[in-house]
2 protein chains.
Amino acid sequence: MTSYSTSEENYIKAIYHLQGEEGMVTTNELSAELKTRPASVTDMLKKLKAKKLLNYEKYQGFRLSTEGRKVALGIIRRHRLWEFFLSEKLRFSWDEVHDVAEQLEHVTSKKLIDKLDEFLGFPRFDPHGDPIPDQHGKIATHERVSITVIPLNHSMEVCHVGNQAPDMLDILKHNNISIGTRLEVRKKFAFDNSLEIRIGRQQPFILSNEVARHIWVKKIERS
Amino acid sequence: MTSYSTSEENYIKAIYHLQGEEGMVTTNELSAELKTRPASVTDMLKKLKAKKLLNYEKYQGFRLSTEGRKVALGIIRRHRLWEFFLSEKLRFSWDEVHDVAEQLEHVTSKKLIDKLDEFLGFPRFDPHGDPIPDQHGKIATHERVSITVIPLNHSMEVCHVGNQAPDMLDILKHNNISIGTRLEVRKKFAFDNSLEIRIGRQQPFILSNEVARHIWVKKIERS
DNA sequence: CTTTATTTTTAGCCTTGTCTAAAATATTTT
DNA sequence: AAAATATTTTAGACAAGGCTAAAAATAAAG
Ligand SMILES: [Mn+2]
Ligand SMILES: [Mn+2]
Ligand SMILES: [Mn+2]
Ligand SMILES: [Mn+2]
């Protein structure tokens with residue numbers, strides 16, 4: 001397959017993150033994101049357009065083409081798999097993984113990435129809770145997930161409780177959990193799949209898997 | 001610390017491998033090794049000299065300085081740790097690891113490499129049997145000899161292959177030879193210095209001197 | 001509907017790392 | 001020792017990816 005320079009990849013990834021569902025990205029926005037002068041951005045836009053990765057008309061803004069989006073998802077897949085590896089296997093803390101992953105994401109070997117994915121057990125979310133695209137660029141769009149499957153030490157917001165039996169609500173009340181509560185999973189005990197949970201700076205506590213699997217959370221929307 | 005470009009690192013590593021214990025490396029040798037024209041090599045030699053990594057005088061050949069050697073060992077450490085990771089954790093076969101490691105070796109993060117080393121259990125040899133320098137650049141040496149010089153009918157363990165060209169690997173694969181294989185030399189043919197080799201109870205086979213001299217073995221460690 | 005301000009593009013320059021062709025130096029042969 | 005050959009360096013060019021300053025296009029004010 002065709003491959004792209006580190007610089008091209010960084011532009012593609014940044015454009016992907018800036019363009020939402022619709023609407024155009026502007027030269028200045030991208031310039032700010034990449035900390036590169038607007039004139040340099042314009043140069044690269046022309047190159048990416050020539051390579052058919054970008055829909056771009058002078059002065060009119062731009063968005064990735066279908067092909068460009070595909071390339072972006074490949075880069076994001078690599079980035080997030082490496083972040084997961086660093087966090088889960090090398091015990092990096094979740095705020096240290098990003099910078100190293102910025103470098104590792106540019107190592108291109110399909111085999112490397114697919115074997116890494118397998119080695120890691122096909123994780124669906126990176127240490128920040130962002131979804132990891134699969135081999136085909138599919139991303140888990142689950143708005144909410146059970147706390148039994150979220151990564152460790154990442155604060156998330158309770159948005160759903162899948163069982164409203166009185167005994168269940170009793171436990172939730174006792175532990176100060178309600179919709180909107182922000183909590184993180186500190187440890188998973190493989191023996192009985194129980195979880196150690198912490199809310200803010202409070203004393204951590206244990207939830208059995210029976211309870212935990214009914215508690216669903218979503219990413220905290222940051223501004 | 002100071003860091004170097006991918007290109008600089010590739011030059012430094014190549015020079016390290018070309019310069020033995022003593023004697024000068026020539027521009028043409030390095031040019032051949034890197035598949036780069038001699039004129040380009042001369043340019044880089046000047047840059048490395050300016051950065052005090054190289055002892056170099058026009059027309060007189062060159063060797064790495066003490067600092068240059070230190071940098072080289074760091075690159076080799078990264079390369080071989082990644083090769084070990086690919087082989088041991090991702091189940092790459094030992095002839096697939098090199099090309100990917102060529103890319104990974106240029107990712108610079110001391111923490112990444114030291115954590116990786118720890119995760120892998122501080123391995124001392126890569127999948128080709130080459131020693132992995134430790135944090136301080138120390139390399140373990142095991143006593144090894146080429147199979148062209150070992151006594152007949154003494155089983156020994158393959159611990160190093162001195163040539164990783166694809167054609168070489170093809171022959172090794174065909175004959176089921178890899179690092180760790182135990183074999184013995186049954187006969188030496190004086191006419192062309194070819195050897196008759198036997199692995200365990202398998203059918204013996206012949207290796208030309210061309211091939212055999214790149215295969216190194218050590219005593220079998222028993223415990 | 002002009003004038004002004006902002007955004008974007010063009011034009012020209014710089015650095016890194018590569019190349020080819022030609023000149024300089026070193027080595028080998030006669 | 002001179003000539004022929006091989007090696008190495010210099011000179012000049014180019015592509016990628018960045019920059020500044022100026023021009024062109026668009027958007028916002030008056
Ligand atoms: Mn990240
Ligand atoms: Mn990046
Ligand atoms: Mn290697
Ligand atoms: Mn390399």
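Trainee: How many nonpolar, polar and charged residues make up the surface near DNA strand C?

Mentor: A first reading of such a surface sorts its residues by class, and in this predicted model the surface near DNA strand C has nine polar, seven nonpolar and five charged residues.

Trainee: Which residues come nearest to DNA strand C?

Mentor: Of the 21 residues around the strand, those that come nearest are Tyr56(A) and Lys58(A) from one chain, together with Ser5(B), Arg37(B) and Ser40(B) from the other. On the side of the DNA, sugar and phosphate account for 76% of the atoms of strand C that come within 4 Å of the protein.

Trainee: Where do polar atoms of the protein lie relative to the phosphate oxygens of DNA strand C?

Mentor: Here one separates backbone from side-chain atoms. A polar backbone atom of Asn28(A) is 2.9 Å from a phosphate oxygen of DNA strand C, and a backbone N or O atom of Tyr59(A) lies 3.0 Å from a phosphate oxygen of that strand. For Ser5(B), by contrast, a polar side-chain atom is involved, lying 2.5 Å from a phosphate oxygen of DNA strand C. As for secondary structure, the elements that give two or more residues to this surface are helices H2 (27-34) and H3 (38-50) of chain A, with H1 and helix H3 (38-50) of chain B.

Trainee: Which protein atoms are the donors of the manganese ion (ligand 4)?

Mentor: One lists the donor atoms and then asks how their residues are placed along the chain. The protein donors are OD1 of Asn10(B), OE atoms of Glu102(B) and Glu105(B), and NE2 of His106(B), lying 2.0 to 2.7 Å from the ion, and in sequence the donor residues are spaced N-x91-E-x2-E-H. The pair Asn10(B) and Glu105(B) links distant parts of the chain, 95 residues apart, with Asn10(B) in helix H1 (residues 6-18) and Glu105(B) in the loop between helix H5 (97-104) and helix H6 (110-119) of chain B.

Trainee: Is Glu105(B) buried or exposed?

Mentor: Glu105(B) counts as buried because its relative accessibility is 0%, whereas Asn10(B), at 23% relative accessibility, counts as partly exposed.

Trainee: What is the strand order of the open sheet in chain A?

Mentor: A sheet is read from one edge to the other, and this one, with six strands in antiparallel pairing, has the order S3-S8-S4-S5-S6-S7. Strand S3 (145-146) and strand S7 (205-207) of chain A are the edge strands, each pairing on one side only. Within the sheet, strand S4 (residues 156-161) and strand S8 (residues 215-218) of chain A pair in the antiparallel sense over four bridges, and the bridge partner of His160(A) in S8(A) is Trp216(A).

Note on methods: Residues are numbered from 1 along each chain as its sequence is written. Chains are lettered from A and ligands numbered from 1 in the order in which they are written. This is a predicted model: local features need pLDDT of at least 70, side-chain atom pairs count only at pLDDT 80 or more; totals for chains, interfaces and linings use all residues. Side-chain values use heavy atoms; hydrogens and water are left out. Donors are N, O and S atoms within 2.8 Å of the metal (3.2 Å for Na, K and Ca); water is not among the atoms, so sites may look incomplete. Buried means under 20% relative accessible area, exposed over 50%, partly exposed in between (1.4 Å probe, protein chains only). A residue is near a molecule or strand if one of its heavy atoms lies within 4 Å of it. A polar contact is a pair of N or O atoms within 3.5 Å; within protein, one must be able to donate a hydrogen and the other to accept it, and residues adjacent in sequence count only if both atoms are side-chain atoms. Ala, Val, Leu, Ile, Met, Phe, Trp, Tyr, Cys and Pro count as nonpolar, Asp, Glu, Lys and Arg as charged, and the others, Gly among them, as polar. Two strands pair if DSSP finds at least two bridges between them.
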